[in-house]
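Colleague: I am new to this model. Please take me through it, and give me the reasons behind the labels.

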Amino acid sequence: TFVSGNGSDTNPCSISAPCRGFVQAVAHTNPDGEIIVLDSAGYGPVVINKSVSIISPPGVYAGITVFSGDGVVVAGGGIKVVLRGLSINGQGGNRGIFYTFATELVVERCAISNMMQDGVAIAYGGEVTIVDSVIRNNGGDGISVTLNPRLTVLRTRVEQNQGFGIIFAPNFGGATLSIIDAYVASNFFGIFANPKSVATAVVVTGTTSAGNSGTGIAM
């Protein structure tokens, strides 16, 4: 399916008759399908409850302005979601991406900034990958983990967040955190791991943690 700044939510979301926003596009997309952004515009917050990819090609601005609530909520049993090339900007909203119930989430080439709370909040298990993204200037944490995912942060900048850059506090065993070639700077604390179970693995490699107000890396 397709969205465009010149589309309409009464359309069927085809390439010749695209929808205007992500909400209608998700409704019209089959499980495991793709939503393609055709041109630069704002496309609105969305709740994703099925396996779907939202893809904005390089050079196309796909904005989600969040005045209240959350920008993207991932909430569906057994679903796999890909978010690629999105710009999520808080204007009073809580969280940029809120992962509450799924099997897999990939966040690629996304920018998440100015949220009142966290940039990315992970409150469920499964596989979560954040790659080639920027998470900046949020009122809470850049990336917050409160359950037991297998989280990989790769080539991502996490900076100028008022809370932790990355806080990893899973409540159950089986959680893993891998931070690879990342840049974590000018947050309140840099990287903080506080797992509640010994069955947890944390790996940080090739990563810079600098200029944070508190500890750079703490376990």
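Modeller: Start with the disulfide of Cys-13 and Cys-19. The torsion about its S-S bond is about -80°, so this disulfide is left-handed. Keep in mind that this is a predicted model.

Colleague: What makes Cys-13 and Cys-19 a disulfide?

Modeller: Their S to S distance is 1.8 Å. The cut-off is 2.5 Å, so the pair counts as a disulfide. The structure holds 1 disulfide.

Colleague: Why is Cys-110 not bonded to Cys-13?

Modeller: The closest cysteine sulfur to that of Cys-110 is in Cys-13, and it is 20 Å away. That is too far for a bond.

Colleague: Are these cysteines buried or exposed?

Modeller: Cys-13 has 1% relative accessibility. Cys-19 has 0%, and Cys-110 has 3%. Buried means under 20%, so Cys-13, Cys-19 and Cys-110 count as buried.

Colleague: Why is Asn-161 called buried?

Modeller: The relative accessible area of Asn-161 is 2%. The limit for buried is under 20%, so the label fits.

Colleague: Where is Asn-161 placed?

Modeller: Asn-161 is in the loop between β18 (157–159) and β19 (164–168). Its contacts beyond four places in sequence include Ile-135, Gly-140, Asp-141, Ser-186 and Phe-188.

Colleague: What makes the pair of Asn-161 and Asn-138 a polar contact?

Modeller: The two side chains meet at 3.0 Å. The cut-off for such N or O atoms is within 3.5 Å, so the distance fits.

Colleague: How do you know that β8 and β11 pair?

Modeller: Strand β8 (residues 80–84) and strand β11 (residues 104–108) share 5 bridges, in the parallel sense. Pairing needs at least two, so they pair. Val-81 stands opposite Leu-105 in β11.

Colleague: Which strand, with residues 126–131, also pairs with β11?

Modeller: That is β14. Here too the sense is parallel, over 5 bridges. Val-106 stands opposite Thr-129 in β14.

Colleague: Which residues have the most contacts inside the largest nonpolar core?

Modeller: Phe-22, Leu-83 and Ile-143 do, in a core of 51 residues. In soluble globular proteins, nonpolar side chains tend to be buried together.

Colleague: What does Ile-143 touch?

Modeller: Beyond four places in sequence, Ile-143 touches a set of residues, among them Val-120, Ile-122, Ile-130, Leu-151, Val-153 and Val-158. Ile-135 is also one of its contacts, and Ile-135 touches Asn-161 as well.

Terms used
Residues numbered from 1 in each chain as written. Predicted model: local features only at pLDDT ≥ 70, side-chain atom pairs only at ≥ 80, totals over all residues. Heavy atoms only, no water. Helix = DSSP H or I, 4+ residues; strand = E, 2+ residues; numbered from the N terminus. Buried < 20%, exposed > 50% of the residue type's maximum accessible area, 1.4 Å probe, protein only. Polar contact = N/O pair within 3.5 Å; in protein donor to acceptor, adjacent residues only side chain to side chain. Contact = heavy atoms within 4.5 Å. Core = buried A, V, L, I, M, F, W, Y, C linked by side-chain atoms within 4.5 Å.
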